[in-house]
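This report covers the charged side-chain pairs, the sheet and the overall dimensions of one chain.

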Amino acid sequence: MIVITAPTGNIGSALLTRLLDSSTAPEDLRVVVRDPARLPDDVRERVEVITGSHGDPETVDRAFEGADAVFWLVPPDSSLTPEAAFSGFTRPAVKALATHGVGHVVGVSALGRGTPVADRAGLVTASLAMDDLIASSGAAYRALANPSFFENFLEEADTIRENGVFVDCLDADRKAPLVAIADIAAAAASLLLDRSWTGVGSVPVLGPRDLSLNDLARIMSEQLGRPVRYERQSYDDLLTALVGYGLDKEFARGVVDMKRAKDDGLDAGASRTDASAHPASTTFEEWCARVLKPAVIA
């Protein structure tokens with residue numbers, strides 16, 4: 001029995017599709033979802049559904065009973081502080097993991113552990129603390145240590161379409177790993193289906209190569225057939241904008257601190273290997289053609 005949390009989100013839904021399509025998955029699948037109607041009909045017929053929030057003690061107690069493995073993903077809640085959004089949300093699950101003797105957990109986390117800026121990286125610092133909390137449950141744990149997602153650029157589709165610009169706070173020439181959500185789901189599926197691993201550790205999911213924001217602008221321009229440029233925003237302007245959108249001020253500061261840490265090398269601590277950056281990983285060129293271009297054209 002594999003339990004999937006957040007099965008209607010981008011990563012969870014991609015993972016669930018992979019597991020349902022896998023010919024090597026003898027396990028039953030159980031999902032935890034607030035609104036079962038958001039699951040496609042054909043998926044809902046093939047999984048056991050536990051209705052509720054996986055931050056709720058009673059819900060996770062029901063969900064983890066009889067489970068062999070759990071996929072753990074904390075839904076972003078910008079109305080909370082970073083600690084409450086990550087560790088606070090996860091504490092009931094950690095208790096349920098121990099109570100039911102769940103053997104393996106795969107969680108979505110971030111790069112940065114062991115770097116000099118890991119303790120001042122905002123949301124990433126909170127995510128790493130969540131990993132430590134899950135590890136205390138006694139389950140074998142693998143944290144998928146991810147860099148920024150390609151899919152974050154979908155938030156910039158309107159400004160790319162209208163102004164040929166996307167915005168961030170980082171040095172335009174700093175190269176860093178990036179990854180597609182599909183590749184995170186693939187890494188999670190591999191770990192959930194082959195549970196020969198033990199102990200606690202991180203699995204970097206780095207994408208095929210490091211790219212700078214200027215590299216991304218060039219690739220976007222090539223794939224979209226129109227000029228696209230990167231515009232750097234100040235950290236103060238970002239904080240003001242996030243608070244103006246209604247984010248909890250500590251959460252907003254956590255976003256800014258994460259960005260600042262990334263500019264100071266937060267994502268540079270993991271070695272690129274065949275396991276963390278397989279040649280079959282989605283390239284940014286492929287992702288732009290398949291995902292970003294239709295969003296911009298729309």
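Glutamate 231 has a relative accessible area of 36%, which places it between the limits of 20% for buried and 50% for exposed, so it is classed as partly exposed. The coordinates come from a predicted model. The side chain of glutamate 231 meets that of arginine 229 in a salt bridge, with an N to O distance of 3.4 Å. Arginine 229 is partly exposed as well, at 47% relative accessibility.

This pair belongs to a set of 15 salt bridges in the structure. Another joins aspartate 263 and arginine 174, at 3.7 Å from N to O. Aspartate 263 is part of helix H10 (residues 249-263), whereas arginine 174 sits in the loop between strand S8 (165-168) and strand S9 (178-179); the bridge therefore ties together parts 89 residues apart in sequence. Which of the classes, buried or exposed, applies to aspartate 263? With 11% relative accessibility, aspartate 263 counts as buried. Its partner, arginine 174, is partly exposed at 33%.

A further salt bridge lies within one helix. Glutamate 222 and arginine 218 are both in helix H8 (residues 213-224), separated by four residues, or about one turn of the helix. Their closest N and O atoms are 3.4 Å apart. Arginine 218 has a relative accessibility of 39% and counts as partly exposed. Both residues also take part in a network of salt bridges that links Lys175, Asp215, Arg218 and Glu222.

The three pairs described above are listed here.

| Acidic residue | Basic residue | N to O distance |
|---|---|---|
| Aspartate 263 | Arginine 174 | 3.7 Å |
| Glutamate 222 | Arginine 218 | 3.4 Å |
| Glutamate 231 | Arginine 229 | 3.4 Å |

Turning to the secondary structure, the chain has eleven helices and eleven strands. Seven strands make up an open sheet with parallel pairing, in the order S3-S2-S1-S4-S5-S6-S10. Strand S3 (48-51) and strand S10 (200-204) are at the edges; each has a single partner strand, so one side of each lacks a neighbour in the sheet. From one strand to the next, the twist averages 20 degrees.

Within this sheet, strand S4 (residues 69-72) pairs with strand S5 (residues 104-110) in the parallel sense, over four bridges. One residue pair can be named: valine 70 has valine 105 in S5 as its bridge partner. Helix H1 (residues 10-21) packs on the sheet and touches strand S1 (2-5), strand S2 (29-33), S4 and S5. The direction of H1 makes about 155 degrees with that of S1. Helix H7 (residues 181-193) also packs on the sheet, where it touches S1, S4, S5, strand S6 (140-146) and S10. Between the directions of H7 and S6 the angle is about 165 degrees.

How does the chain as a whole compare with a compact globule? For 298 residues such a globule would have a radius of gyration near 19 Å, and the chain has 19 Å, which agrees. The C-alpha trace spans about 55 × 40 × 35 Å along its principal axes. Of the 298 residues, 51% count as buried. Among contacts with a separation of 6 or more, 77% are between residues 24 or more positions apart. The exposed area of the chain is about 13400 Å², and carbon and sulfur atoms supply 49% of it.

Technical notes: Residues are numbered from 1 along each chain as its sequence is written. This is a predicted model: local features need pLDDT of at least 70, side-chain atom pairs count only at pLDDT 80 or more; totals for chains, interfaces and linings use all residues. Side-chain values use heavy atoms; hydrogens and water are left out. Two strands pair if DSSP finds at least two bridges between them. Helices (H or I, at least four residues) and strands (E, at least two) are DSSP runs, numbered from the N terminus. Axes are lines fitted to C-alpha atoms, for helices over the stretch in contact, and angles run from 0 to 180 degrees between N-to-C directions. Contact means heavy atoms within 4.5 Å. The radius of gyration is taken over C-alpha atoms; the globule rule is 2.2 Å times the number of residues to the power 0.38. Buried means under 20% relative accessible area, exposed over 50%, partly exposed in between (1.4 Å probe, protein chains only). Accessible areas come from the Shrake-Rupley method with a 1.4 Å probe; for residues, only the protein chains shown count as cover. A salt bridge is a side-chain nitrogen of Lys or Arg within 4 Å of a carboxyl oxygen of Asp or Glu.
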